[in-house]
Amino acid sequence: MTEVLSTHGLVAGYGDFQALYDVDVEVHEGEAVALIGANGAGKSTFLRAVMGLLPVAPDMVHFDGAPVGGTPTDRMVQKGVAIVPEGRRLFTGMSVSDNLRVAIDQSSRFERKGCWTLSRLYQLFPILEEKARTPVESLSGGQQQMVSIGRALLCQPRLLLCDEISLGLAPRVVREIYAALPEVRAQGTSVVLVEQDVGLAKSASDRLYCMLEGRVTLSGRSEEITREQIGEAYFGGGHAVG
Ligand SMILES: Nc1ncnc2c1ncn2[C@@H]1O[C@H](COP(=O)(O)OP(=O)(O)OP(=O)(O)O)[C@@H](O)[C@H]1O
Ligand SMILES: [Mg+2]
């Protein structure tokens, strides 16, 4: 299987504080990989390091076989990596469609083209078409998350990084959002899912990695990994996860 993303002994942090230690992660083409772990384990830091938001050495991150560690974020987006960030970070004071148009304008300048258009996105999340002229701050949390995902998809990613897209949402809305992922993957897009809900992470991914205090403590095929293994990797031993 073709490798889209790989990290090699990835270390990253904030000033003097080291948040990642020797993290090796691989993502293959069309694959969904879940990244789980307790608060502060380093999941968002991993995504930030991949996106060029933290300084890392070039060889620590490979995309499409080439070293890209430390590449500025806008260049990473151009290369085909998009992030649905923690907290969504939409442009408030702007409508749904204007938020989405920012991504369309940005990606129209890329050499690389993709299949996502506004109408295709509205098929994926019909509510966004209904709310196209609504300011994003008037939307529900789930609808805002759909805009955030839409904005990332309109960058035509080959790799989509999702940071806790289910956080704070009702189960029905979470199901609706996760139901869109097979369609995304059907375009050949690989997905990294940072997820606190272990059951959801397992069922939505092909493989998973568990992190603890900046290190990968478990990895394998999601269907083969047991709750006991996850409990141990999650807390460092002796606990089971509900
Ligand atoms: N901007 C920052 N400055 C300093 N330390 C930070 C910063 N962001 C995160 N950290 C620290 O880095 C470590 C990893 O944080 P990170 O946000 O990557 O965890 P996480 O796994 O995403 O957790 P959560 O589930 O709470 O989102 C934590 O100890 C955190 O306190
Ligand atoms: Mg986080």
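This is a short talk on one predicted model, covering its ligand shell, its strands, two backbone angles and a few ring contacts.

I will start with ligand 1. There are 15 residues around ligand 1, and the closest are Gly-40, Lys-43, Thr-45, Glu-86 and Gln-196. If you look at which elements supply that shell, strand β3, residues 17-23, and helix α1, residues 43-50, each give at least two residues. Of the elements, α1 contributes the most, with four residues.

Now the polar contacts to oxygen atoms of ligand 1. Gln-196 places a polar side-chain atom 2.8 Å from one oxygen atom of the ligand. For Glu-164, again through a polar side-chain atom, the distance to a ligand oxygen is 3.1 Å. Ala-41 comes in through its backbone instead: an N or O atom of its main chain is 3.2 Å from an oxygen atom of ligand 1. As for cover, ligand 1 on its own has 630 Å² of accessible area, and the protein covers 64% of that.

Stay with Glu-164 for a moment. Where does Glu-164 sit in the chain? Its place is the loop between β9 and α7, the latter being residues 171-178. Glu-164 has a relative accessibility of 10%, and since the limit for buried is under 20%, it counts as buried. Its phi is near 50°, which is a positive value in a residue that is not glycine. For context, most residues other than glycine have a negative phi.

Asp-22 is another residue to check on this point. Phi of Asp-22 is near 50°, also positive and also in a residue other than glycine. Is Asp-22 buried or exposed? With a relative accessible area of 57%, Asp-22 is exposed. Asp-22 is located in strand β3, and β3 is one of the elements that supply the ligand shell.

Next, strand β10, residues 190-194. Five of its five residues are buried, so the strand is largely enclosed by the rest of the structure. In a regular strand the side chains alternate between the two faces of the sheet. In β10 both faces are covered: Ser-190, Val-192 and Val-194 are buried on one side, and Val-191 and Leu-193 are buried on the other.

What does β10 pair with? Strand β9, residues 159-163, runs parallel to β10 and is joined to it by five bridges. Within that pairing, Cys-162 is opposite Leu-193. Strand β5, residues 32-37, also pairs with β10 in the parallel sense, over four bridges. There, Val-33 has Val-192 of β10 as its bridge partner. Val-192 and Leu-193 belong to opposite sides of β10.

There is also an open sheet of four strands, in the order β4-β1-β6-β7, with antiparallel pairing. The edges are β4, residues 26-28, and β7, residues 66-67; each has a single partner strand, so one side of each is left without a neighbour in the sheet. Inside the order, β1, residues 3-7, and β6, residues 61-63, pair in the antiparallel sense over three bridges. One of the bridge partnerships there is Thr-7 with Val-61 of β6.

On to the rings. How many aromatic pairs does a search of the whole structure find? The search finds one. The pair is Tyr-234 and Phe-235, with ring centres 5.0 Å apart and planes at 55°, so the pair is tilted. The angle matters for the label because planes over 60 degrees apart would count as edge-to-face. On accessibility, Tyr-234 is at 8% and counts as buried, while Phe-235 is at 44% and counts as partly exposed.

Two arginines are placed over rings. Arg-120 lies over the face of Trp-116, 5.1 Å from the ring centre. Arg-151 has its charged end over the ring of Phe-91, at 5.0 Å from the centre of that ring.

Last, Pro-135. Pro-135 is in the loop between α5, residues 126-130, and α6, residues 141-153. Its relative accessible area is 34%, and it is partly exposed. Measuring out to Leu-153 in terms of C-alpha positions, the two are 18 residues apart in sequence and 20 Å apart in space.

To recap on Glu-164, since it came up twice: Glu-164 is buried, has a positive phi, and has a polar side-chain atom 3.1 Å from an oxygen atom of ligand 1.

Methods
Residues are numbered from 1 along each chain as its sequence is written. Chains are lettered from A and ligands numbered from 1 in the order in which they are written. This is a predicted model: local features need pLDDT of at least 70, side-chain atom pairs count only at pLDDT 80 or more; totals for chains, interfaces and linings use all residues. Side-chain values use heavy atoms; hydrogens and water are left out. Rings of Phe, Tyr and Trp (its six-membered ring) pair if their centres lie within 6.5 Å; planes under 30 degrees apart count as stacked, over 60 as edge-to-face and the rest as tilted. Buried means under 20% relative accessible area, exposed over 50%, partly exposed in between (1.4 Å probe, protein chains only). A charge sits over a ring if NZ of Lys or CZ of Arg is within 6 Å of the ring centre and within 35 degrees of the ring normal. Two strands pair if DSSP finds at least two bridges between them. A residue is near a molecule or strand if one of its heavy atoms lies within 4 Å of it. A polar contact is a pair of N or O atoms within 3.5 Å; within protein, one must be able to donate a hydrogen and the other to accept it, and residues adjacent in sequence count only if both atoms are side-chain atoms. Accessible areas come from the Shrake-Rupley method with a 1.4 Å probe; for residues, only the protein chains shown count as cover.
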